[in-house]
Amino acid sequence: QRSISLRPNSGVRGVEDDEAVFPLGRSKRHFRGREMVLKEAPLVETPEVLQHKLTELWSDLVASPAHQLSGEDPASTSPEFLALFLRTEDLNVRNAATRYRRYWEMRVTLFGDDAGKPFSAERERATLDLGFPILVQGGRDKLGRQLIVTDQGNMNSKIAGPVQLCRAVWYVVHAALEDPETAKTCYITLIDINENLRFSE
C-alpha cells in the first residue's frame with residue numbers, strides 16, 4: 001500500500017499524473033482526509049498468472065503435514081483443486097495455503113483415518129439417501145452458480161448424526177466443485193427449514 005499526501009494547492013490531477021509510476025492494478029483510490037491511498041486491486045486471472053501462483057502455492061505446501069495427508073488422494077493436490085483455494089483468496093498464495101491447511105484439519109476431524117482416501121459416495125450412502133443435502137443436477141441460478149438444496153425435513157437422527165450429516169454435505173460440495181464451471185462460479189445453497197425441527201437435531 002502506498003499513500004501520497006496532497007499539498008494544500010495541489011489538485012487531484014497532479015496525483016493522477018504520478019499514478020503512472022505504480023504497477024498495473026494499483027489504481028484504486030481512497031481519500032482519507034488529505035491523503036490519497038492507493039490499494040492494490042485483486043489480480044486478474046489469466047492462464048499465465050494462475051500457473052505462476054500454482055507453482056508458488058505448491059512450493060509452500062509441499063513440506064506441510066497437509067500435503068503428506070493428501071498422498072492417498074491425488075485429486076486433492078491436482079492443479080484444478082488447488083486453484084479453488086487460490087480463486088477463493090483472490091490469488092493470494094499465503095491466504096490460499098492457510099485455507100488449504102484448515103481444509104485438511106477439518107477433513108481429518110470429520111473423516112479420521114479415512115481423511116486421506118479419495119471420496120466415495122458409498123461410504124456416505126445411508127446419509128445421502130436421506131436427501132440431505134441434494135445436488136440439483138443441471139440446476140443453476142442466473143449467475144451460473146450450481147444449486148445445492150438442504151431439506152432439513154429429511155434429517156433422521158436414527159440413521160445419521162451430526163458428523164454423518166456434515167460428511168454428506170462435504171461430499172456433495174466436492175461433487176459440485178468437480179464441475180469446471182462450478183469451480184469458477186461456485187455454488188449457492190438453498191435451505192428448506194422444517195418448522196418442527198428442534199435445534200438439538
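## Exercises: a sheet and two pockets

In this predicted model, β4 and strand β5 (residues 146-151) form an antiparallel pair over three bridges.

**Exercise 1.** Work out the strand order of the open sheet and state which strands stand at its edges.

*Solution.*
- Start from the pair. Ile-134 stands opposite Val-149 in β5.
- Add the third strand. The order is β4-β5-β6, and the pairing is mixed.
- Find the edges. β4 (134-140) and β6 (187-192) each have a single partner strand, so one side of each lacks a neighbour in the sheet.
- Add the twist. From one strand to the next it averages 30°.

**Exercise 2.** Locate helix α7 relative to the sheet and give its angle to β5.

*Solution.*
- Trace residues 162-177. This helix lies across β4, β5 and β6.
- Compare directions. α7 runs at about 165° to β5.

**Exercise 3.** Describe the largest pocket by volume, lining and residue class.

*Solution.*
- Volume: about 530 Å³.
- Lining: 18 residues, with Phe-85, Thr-88, Arg-99, Val-173 and Leu-177 nearest the centre.
- Elements giving two or more residues: α4 (79-88), α5 (93-111), α7 and α8 (180-185).
- Classes: 11 nonpolar, three polar and four charged.

**Exercise 4.** Do the second largest pocket in turn, and name the element with the largest share of its lining.

*Solution.*
- Volume: about 450 Å³.
- Lining: 24 residues. Nearest the centre are Ser-78, Glu-80, Phe-81, Leu-177 and Glu-178.
- Elements: α4, α5, α7 and α8 each give two or more residues.
- Largest share: α4, with six residues.
- Classes: 14 nonpolar, three polar and seven charged.

Definitions and conventions. Residues are numbered from 1 along each chain as its sequence is written. This is a predicted model: local features need pLDDT of at least 70, side-chain atom pairs count only at pLDDT 80 or more; totals for chains, interfaces and linings use all residues. Side-chain values use heavy atoms; hydrogens and water are left out. Two strands pair if DSSP finds at least two bridges between them. Helices (H or I, at least four residues) and strands (E, at least two) are DSSP runs, numbered from the N terminus. Axes are lines fitted to C-alpha atoms, for helices over the stretch in contact, and angles run from 0 to 180 degrees between N-to-C directions. Contact means heavy atoms within 4.5 Å. On a 1 Å grid over the protein atoms alone, a cavity is a set of points where a 1.4 Å probe fits but cannot get out, and a pocket is an open set with protein on both sides within 12 Å along at least five of seven lines; lining residues have an atom within 4 Å of a point. Grid points are joined across faces, edges and corners, and a volume is the space filled by probe spheres set on the points. Ala, Val, Leu, Ile, Met, Phe, Trp, Tyr, Cys and Pro count as nonpolar, Asp, Glu, Lys and Arg as charged, and the others, Gly among them, as polar.
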